[in-house]
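Open the model in your viewer and keep the sequence panel beside it. This tour goes stop by stop: what to select, then what is there.

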Amino acid sequence: MTVIKTAMVLAAGIGSRMRPLTNDRPKALVEVGGKALIDHVLDRLAAAGVETAVVNIHHFADQMTAHLAYRSHPKIKIVDESAGLLDSGGGIKNALPLLGKDPFFVANIDSLWIDEGVPPLEVMKAAWDPEAMDLLVLLVEKGRGIGFEGPRGFFLDSQGHITHSADETNPAPFANVGVQIMKPDTLKGAPDGAFSILPVWWRLQDEGRIFGVAMDAFWLHVGDPVAKAAAEAKLA
């Protein structure tokens, strides 16, 4: 079984779709079921053996710093983006010196799940093949989740390669849960400053180096207040 001891937690977003709940706090500190979103994610990572989590912050950065100071497992390292948001790709690249040379998890803070079968992060570790993969994406079959709609998503072939699609006439059957395993060298040569990770994904798709694995768990995508209420009802 692959051992992954480090994670990047993307928590710097403004959370505009979560307003008005993010008018006085960062999205990562919005509570679902009595627990802040970021603590749901950090608890999952700790249970999977992650020892260090690098967290980028921006919106209400002082609140995030104070909240994370109480965590000891996993150990928290903060990357402050108060001077300017770096987007998904730029945020990860900026944190690489703290993430080390081994593959690491990347996790969004708005994805929760209800376990069914093997825990999703364990499924990912079992599927990870560093010889074949530069990036492994956690997927869920559409219909096994709430808070996500639309044709956009991924096709998954028998070898585990994934292909992105937004074709409304042939909707993709899998959605991106918001958790990946990534090699640090994946961003080698990427520009400094702010940039999206998505062009990197499309390059890896062309190279056959991006894979996916589907989880059995029930996904709770908490992207706005309506989805938050639905998630809390499902958890209850």
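## Stop 1: Lys-27

Select Lys-27, which is found in the loop between S1 and S2. Helices (H or I, at least four residues) and strands (E, at least two) are DSSP runs, numbered from the N terminus. This is a predicted model: local features need pLDDT of at least 70, side-chain atom pairs count only at pLDDT 80 or more, and totals for chains, interfaces and linings use all residues. Residues are numbered from 1 along each chain as its sequence is written, and side-chain values use heavy atoms, with hydrogens and water left out.

Is Lys-27 buried or exposed? Lys-27 is buried, at a relative accessible area of 14%. Buried means under 20% relative accessible area, exposed over 50%, partly exposed in between (1.4 Å probe, protein chains only).

Now show what Lys-27 touches. Not counting residues up to four places away in sequence, the list is Gly-15, Met-18, Thr-22, Leu-37, Ile-109, Asp-110, Val-222 and Gly-223. Contact here means heavy atoms within 4.5 Å. Pick out Asp-110: it sits 83 residues from Lys-27 along the chain, yet their C-alpha atoms are separated by 8.3 Å.

## Stop 2: two cis prolines

Stay in that loop. Pro-20 is found between strand S1 (6–10) and strand S2 (31–32). The peptide bond leading into Pro-20 from Arg-19 is cis, with omega near 10°.

Jump to Pro-74, in the loop between helix H2 (61–68) and strand S5 (75–80). The bond from His-73 to Pro-74 is also cis, and its omega is near 0°.

## Stop 3: two positive phi angles

Most residues other than glycine have a negative phi, and most peptide bonds are trans. Two residues here merit a click.

Select Phe-60, in the loop between strand S4 (52–57) and H2. Its phi is positive, near 50°. Phe-60 counts as partly exposed, at 27% relative accessibility.

Next, select Asp-87. Its place is in helix H3 (residues 87–99). Asp-87 is not a glycine, but has a positive phi of about 65°. With a relative accessible area of 45%, Asp-87 is partly exposed.

## Stop 4: S4, H2 and S5

Display S4, H2 and S5 together. They make a right-handed β-α-β unit. Right-handed means that, with the strands pointing away from the viewer, the path from the first strand over the helix to the second runs clockwise.

S4 and S5 run parallel, joined by 6 bridges. Two strands pair if DSSP finds at least two bridges between them. To check the register, find Val-54: it stands opposite Lys-77 in S5.

## Stop 5: Asp-39 and His-67

Where is Asp-39? Look in helix H1 (residues 37–47). Asp-39 is buried, with a relative accessible area of 11%. Its side chain makes a polar contact with the side chain of His-67, at 2.7 Å. A polar contact is a pair of N or O atoms within 3.5 Å; within protein, one must be able to donate a hydrogen and the other to accept it, and residues adjacent in sequence count only if both atoms are side-chain atoms. Beyond residues up to four places away in sequence, Asp-39 touches His-67 and Arg-71.

## Stop 6: a three-stranded sheet

Colour the open sheet of 3 strands with the order S7-S14-S9 and mixed pairing. Which strands are at the edges? Strand S7 (111–114) and strand S9 (145–146), each pairing on one side only.

S9 pairs with strand S14 (residues 218–221) in the parallel sense, over 2 bridges. Ile-146 stands opposite Leu-220 in S14. Add helix H6 (residues 225–235), which packs on the sheet and touches S7, S9 and S14. The direction of H6 makes about 145° with that of S14. Axes are lines fitted to C-alpha atoms, for helices over the stretch in contact, and angles run from 0 to 180 degrees between N-to-C directions.

## Stop 7: the aromatic pair

How many aromatic pairs does a search of the whole structure find? It finds 1. The rings of Phe-154 and Trp-201 have centres 6.1 Å apart and planes at 45°, so the pair is tilted. Rings of Phe, Tyr and Trp (its six-membered ring) pair if their centres lie within 6.5 Å; planes under 30 degrees apart count as stacked, over 60 as edge-to-face and the rest as tilted.

Phe-154 lies in strand S10 (residues 153–156) and Trp-201 in helix H5 (residues 198–207), so the pair ties together parts 47 residues apart in sequence. Phe-154 is buried at 4% relative accessibility. Trp-201 is buried, with a relative accessible area of 4%.
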